[in-house]
Amino acid sequence: MGEATGHGVDLSGAEIRGGLEDRNPPIFLPRQPAASPLLALDIGGTLIKLVYTASCGGGADGADLRFAKFERRRLQECFDFIRAEGLLACNGGTRPGGENMTLKATGGGAYKFADDFLEKLGVCLDKLDEMDSVVSGANFLLQNIPGAAFTHMNGQRNPVDVSPNNLFPYLLVNIGSGVSILKVTGNRKFERVTGTHIGGGTMFGLAKLLTGCKSYDEFLQLSQKGDNFVLDLIVKDICGELVCQKQGLSTSTLASSFGKVITSEKKLTDYKPEDIASTLLSAFTYNIAQIAFLVASLLGLRRVFFGGSYIRGHKSTMENISYAIDFWSQSQMQAVFLRHEGYLGALGALMSYGDPSGENLTLEEKEPHHESAPVDGTSVDEENDSNIFPYLLVNIGSGVSMIEVIGKGKFERIIGSHLGGGTILGLARLLTGCSSYEEFLELSQRGNNLSVDLTVGDIYGGEGYPKILGIWVFGILTMKVMKLKRMSLDFITIKGVPSAESSRSVRGLGKGVSGKPYPCLCNARRPRLELGTFRSQAVGLPASTTASSFGKVNSSKLSEYKVEDLAAALLNSFTYNIGQIAYFVANLSGLKRIFFRGAYVCGHEKTMDKISRSLKYWSKGEVQTTFLCHEGFLGTLGAFWSYENMGIDSLAAHEVIREVLLGAPYTGQFPSLPVTQQQENGEHSTLEGEVESLRHDNAMLKAEVERLQRENAELRAKLVRSGETSTL
Ligand code: ADP
């Protein structure tokens, strides 16, 4: 069996064996000796993934790279498989000297189950960083395996030829139990930019509770047969065809996932599991795609690779992701998938056999870090008429609309989200049977989300996800670099965001306020937030961080869960999601002030508190959050497509602002970060540390500026040569 520093994987001549439609086909390695097998594991929050080398049979030269997976709760089956396949050294996994063999392993279970591996298999686990492994695995596939990557659009699957020269930088969205989003700039050069707790675990957890399905395949099959329009609210349902025509909206635009449930008399059992499954799949897939699009826009990246077992080669999942990315980016971005999407971490771990640089990945134990309360922004009381603009108005109705208001009567809808108040209450109805938002909130107050949410501690154990030493990038520094990059790469700015919610048809909103077609989402009129205020997540997550909302749900019997706990988890997951998306949109548009309105948030302290916390966390207190709680605006639920009804014109007047606020802007108390957001922020606590870090940043920035200047000059020269200067 492989050792930590022994022989590695010989990649020369590697190729996929099997047809285009085969799931996780073996990869043939002609130069890899079959006699000394290698095995690496990725033990995630839901699944254990194994990658191993095995003889191709018939005494042929070379070896196959093979793939297998097990549910994490079935660890024993995984042990049995390892033994049965002869993946351990012949003498019980023990070296001649009596020392235990070492297996490369990544993912939280490598920490949590290390003792079980030693006890049951007699092997030690050499723990590798999860993010580093995922990136190594993706880079391995993209750089060494022809045909590993493909696009999936309009039912057409096309291989993507990635040449090493045009691969970096790219965005990697790994959709597992939760979602990690990484900017990859080179081999072992990456940054975990952000992530979301609404991932595969959330969707599958809710699917088990709502449809009774027992396996992921069963869920996917159900979703194929269902019709999401039975539960989803579309734009036509809200404002009728006439208004849609007037506003230039597609009638089938998805306005609120599960939004129809709240106005229906039906109970959970009255809905077909197929329709619920279809709604779940589109709701979560579009949300992840939207976040991926927003982050790629913020970073100026055009190519987004999707990994993680969530995708599972499922056609409509890939279709939805591709469609959403293409739609929002107006074909400026491309979603790319990988044939071995679920095995990126395990592949990365396997690649580290025989790689001496693996030593850089020593992991450090870390103390959970709690960020101090963010400083409140300027009070609206201090505002006057002239400086209230520009701001982002986030209207939380059944769905969510995000509108940039630049002056009296001057506004344009930038984007929206289909996961709004209707989704929260719709799901609450189905899960808890509650009949009003107030009842749902009351339930949630008494509940404990941790009984259904999967935390970092559940995956990794009590210490949480450790901070890594020696990784190339550092959160805030890299974002500074990114900013410079954007300046030099302005010509790839995304052209515009046509409509709002995920839609089934490609149709834009038409004209903006200025009468011109919609301008860039990355609004060029104003600078973005200050350097470094795009909150990037340095590695290291405390055990209490929510990794995946509803990710702990194992049973498909709804009655086994307390309605209070389900309500608490619902409130957490969806309000933080709205806060996070609002932050991305504000950042993209360079807006530092956000007003929230809508019956689902205003006046509900818990909801407002969570949104405020989320914004404070993401923007590091740079974005001011205000809730408009005037009764007069509360009756317009569902009218968010009709701007005239929103009352936002009147927000220009100072007196009105005062009048519509419930007292001063809502400033909840923030004794600590919300559980879902308690992440290590990578800041240095001592002055010396700060100075040292700034020096380091400076040197890195200088080098990066030089590199970018060279790159810029080369690109310009290339464009001039190809006669495309006009596009600059
Ligand atoms: P993790 O490393 O967190 O376990 P994965 O990349 O393995 O993440 O993805 C787990 C997700 O993939 C699940 O939350 C679910 O959405 C989906 N999934 C795909 N296949 C299965 C399966 N057989 N059992 C459970 N979930 C599955």
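Which elements each supply at least two residues of the shell around the ligand? The points below take this up first and then turn to helix α6.

1. In this predicted model, the elements that each supply at least two residues of the ligand shell are β4 (47-55) and α5. Of these, α5 gives the largest share, with 3 residues.

2. The ligand is surrounded by 17 residues, and the closest are Thr46, Leu47, Lys49, Ser177 and Ser309. By residue class, the shell divides into 9 polar, 5 nonpolar and 3 charged residues.

3. Polar contacts to oxygen atoms of the ligand involve both side-chain and backbone atoms. Ser177 places a polar side-chain atom 2.5 Å from a ligand oxygen atom. A polar backbone atom of Leu47 is 2.9 Å from an oxygen atom of the ligand, and a polar backbone atom of Gly201 is 3.0 Å from one. The ligand taken alone exposes 570 Å², of which the protein buries 90%.

4. Helix α6 spans residues 216-225, and its buried residues are Tyr216, Phe219, Leu220, Leu222 and Ser223. Viewed down the axis of α6, these buried residues fall within an arc of 160 degrees, so they line one face of the helix. Gln221 and Lys225, on the other side of α6, are exposed.

5. What do the buried residues of α6 pack against? Their partners are α5 (200-211) and α8 (273-299). Helix α5 thus appears in both parts of this note: it packs with the buried residues of α6, and it contributes 3 residues to the shell around the ligand.

How values were computed. Residues numbered from 1 in each chain as written. Predicted model: local features only at pLDDT ≥ 70, side-chain atom pairs only at ≥ 80, totals over all residues. Heavy atoms only, no water. Buried < 20%, exposed > 50% of the residue type's maximum accessible area, 1.4 Å probe, protein only. Helix = DSSP H or I, 4+ residues; strand = E, 2+ residues; numbered from the N terminus. Arc of directions from axis to C-beta. Contact = heavy atoms within 4.5 Å. Near = heavy atom within 4 Å. Polar contact = N/O pair within 3.5 Å; in protein donor to acceptor, adjacent residues only side chain to side chain. Areas by Shrake-Rupley, 256 points an atom, 1.4 Å probe, with all protein chains shown as cover. Nonpolar A, V, L, I, M, F, W, Y, C, P; charged D, E, K, R; others polar.
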